[in-house]
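Visitor: I should like a close look at how the helices of this protein pack against one another. Please take me through the pairings in detail, and then through whatever else bears on their surroundings.

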Amino acid sequence: MYKNITIPQNGNEIKLENGNLIVPHNPIIPYIEGDGIGVDVTPTMITVVNAAVDKAYNQDRKIHWMEVYAGEKATQVYDSETWLPDETLAAFKQYKVGIKGPLTTPVGGGMRSLNVALRQVLDLFVCQRPVQWFTGVPSPVKKPQEVDMVIFRENSEDIYAGIEYKAGTEKAEKLIDFLINEMGVNNIRFRENCGIGIKPVSKEGTQRLVKKAIQYAIDNDRESVTLVHKGNIMKYTEGAFKEWGYEIAKEAFGAVTLDGGPWCKLINPKTGKDIIIKDVIADAMLQQILLRPAEYSVIATLNLNGDYLSDALAAQVGGIGIAPGANISEEIAIFEATHGTAPKYAGLNKVNPGSVILSAEMMLRHMGWYEAADLLLKGMSGAIKAKTVTYDFERLMDGATLVTCSEFGDCIVDHM
Ligand SMILES: NC(=O)C1=CN([C@@H]2O[C@H](COP(=O)(O)OP(=O)(O)OC[C@H]3O[C@@H](n4cnc5c(N)ncnc54)[C@H](OP(=O)(O)O)[C@@H]3O)[C@@H](O)[C@H]2O)C=CC1
Ligand SMILES: O=C(O)CCC(=O)C(=O)O
Ligand SMILES: [Mg+2]
């Protein structure tokens, strides 16, 4: 029984049977509104999704939205110390598919990031972020149509796991002492006033992520999977990610080494075509995506690289205002915008709701509701082609009409 979550009366649970989602025609979908611009983008997303579902299924299907709480709103509904209530986590576990707006990281001690905590506690180990250009979206690059990549970012490990100690604290001193005295470390340049962090990267964590990326390439007829790492410097973490990635491609998918390696290739069992598994060092990759984007398709990378890469790639196709994402485990999927809470725009009905709307499009596809997902995409493309856009696009487009966040949602519905 939930304390502050109201279960919609006429909805039913999405269930998981033998690894398959069983989606009723009246699913209950838990959602977190989100802090900052969450109040603007999330209600707009709900309006747009409801319209797409109505139009696609002529009222035969309906999502029953169930608000669950996290972030600042949770501190109002529960108490001032409760940022991520247990029952929010329980609801995502029970209902399997959910969506969230952005969350502010609480100031002060305790939880480092609510978003990261949600991913870690529910072990949502894949962060999937597709990056694709919509005709007409203003872009700083000459050929944005060549950008069509899907990032698989490892979501539970790396320096992002948050194991770090503040300079001058007893714990930082203790760890530095241990490294110097027990491990023979002699290259901590200034040991006084030195903060210190730990970067866990495991074989299991790497291989479950890379497997998902390769499986995606197989299911979606993609020509390559690129492992992005900084393994030339961080050999036993990022370098190991690369090695374990190639290893699982061979062990689980029968990939064979090409021309002495390390690249390898497998045959897509669904299409008979080759899928190349390759790797690129992370800094070079940030250049490659600008200069030769057509050469990259599916990307598998570590947590921090994936964070950087997803915002950089988003910028090439219109910015984080329109870049969607999902956090996925074997059982649960929580879809979320890639942007943050943009506090200076909060409550102004101004920002682009595209990111969370396209995250909902991913959610509809995950549920098997392809017709509604297609309508949503059609509406988004139509609104952009008609140049009825929010401030972020309007300031870069000639002859565009500036609309508010909610009006942009209405324009999407008009173009479905
Ligand atoms: N998954 C999550 O919930 C995430 C949460 N965060 C959190 O968000 C807070 C703020 O982070 P910050 O670094 O400022 O990053 P934000 O993504 O919140 O904002 C940075 C800039 O991106 C642009 N932007 C963001 N969202 C939109 C949108 N929907 N439409 C149009 N433009 C947009 C704006 O640019 P401009 O000013 O040019 O208009 C904005 O100033 C922090 O507490 C951070 O921890 C950050 C990232 C992800
Ligand atoms: O949780 C945060 O505050 C930032 C997360 C982030 O930037 C991301 O997931 O892309
Ligand atoms: Mg980010």
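Guide: Helix axes here are lines fitted to C-alpha atoms over the stretch in contact, and the angle between two of them runs from 0 to 180 degrees between N-to-C directions. The model is predicted.

Let us begin with helix 8 (residues 282-291) and helix 9 (residues 303-316), whose axes come within 10 Å and cross at roughly 10 degrees. Angles under 35 degrees count as roughly parallel, and helix 8 is therefore roughly parallel to helix 9. On the side of helix 8, the contact is made by Ala282, Met285, Leu286 and Ile289. Helix 9 contributes Asn305, Leu309, Ala312, Leu313 and Gln316. Sorted by class, this contact comprises seven nonpolar and two polar residues, with no charged residue.

Helix 1 (residues 38-57) may be taken next, beginning with its pairing with helix 13 (residues 405-414). The axes of helix 1 and helix 13 come within 9 Å and cross at roughly 15 degrees. That angle makes helix 1 roughly parallel to helix 13, and the crossing is right-handed. From helix 1, the residues in contact are Asp40, Val41, Thr44, Thr47, Val48 and Ala51; from helix 13, they are Cys405, Ser406, Gly409, Ile412 and Val413. The classes represented are six nonpolar, four polar and one charged.

Helix 1 also packs against helix 11 (residues 370-385), at an angle of about 125 degrees and with the axes 8 Å apart. The angle lies outside the ranges for roughly parallel, roughly antiparallel and roughly perpendicular, and helix 1 is therefore oblique to helix 11. This crossing, too, is right-handed. Helix 1 supplies Val48, Ala52, Val53, Lys55 and Ala56 to the contact, and helix 11 supplies Glu371, Ala372, Leu375 and Leu376. Seven of these residues are nonpolar and two are charged, while none is polar. Val48 of helix 1 takes part in the contact with helix 11 as well as in the contact with helix 13.

Beyond helix 1 comes the loop that leads to strand 4 (64-67), and Asn58 is placed in this loop. The phi angle of Asn58 is near 50 degrees, a positive value in a residue other than glycine. Another backbone feature concerns the peptide bond from Gly261 to Pro262, which is cis, with omega near 5 degrees. Pro262 belongs to the loop between strand 11 (256-257) and strand 12 (264-267).

The ligands remain to be considered. Ligand 1 is surrounded by 19 residues, of which Pro102, Gly321, His339, Gly340 and Asn352 are the closest. The shell around ligand 1 divides into seven nonpolar, 10 polar and two charged residues. Around ligand 2 are Thr105, Ser113, Asn115, Val116, Asp307 and Thr338, a shell of one nonpolar, four polar and one charged residues. One of the residues around ligand 2, Asp307, falls within helix 9 (residues 303-316), which returns us to the pairing considered at the outset.

Finally, an unreviewed UniProt entry lists Lys100 and Lys242 under "modified residue: N6-succinyllysine". The two positions are spread over 143 residues of sequence and are also spread in space, up to 31.5 Å between C-alpha atoms. Lys100 itself is located in strand 5 (residues 97-100).

Note on methods. Residues are numbered from 1 along each chain as its sequence is written. Chains are lettered from A and ligands numbered from 1 in the order in which they are written. This is a predicted model: local features need pLDDT of at least 70, side-chain atom pairs count only at pLDDT 80 or more; totals for chains, interfaces and linings use all residues. Helices (H or I, at least four residues) and strands (E, at least two) are DSSP runs, numbered from the N terminus. Angles under 35 degrees count as roughly parallel, over 145 as roughly antiparallel, 65 to 115 as roughly perpendicular and the rest as oblique. A crossing is left-handed if the near helix is turned anticlockwise from the far one by less than a right angle, and right-handed if clockwise. Two residues are in contact if their C-beta atoms, placed from the backbone, lie within 7 Å. Ala, Val, Leu, Ile, Met, Phe, Trp, Tyr, Cys and Pro count as nonpolar, Asp, Glu, Lys and Arg as charged, and the others, Gly among them, as polar. A residue is near a molecule or strand if its C-beta atom, placed from the backbone, lies within 6 Å of it. UniProt positions are given in the numbering used here, feature names are shortened, and annotations may be inferred rather than shown by experiment.
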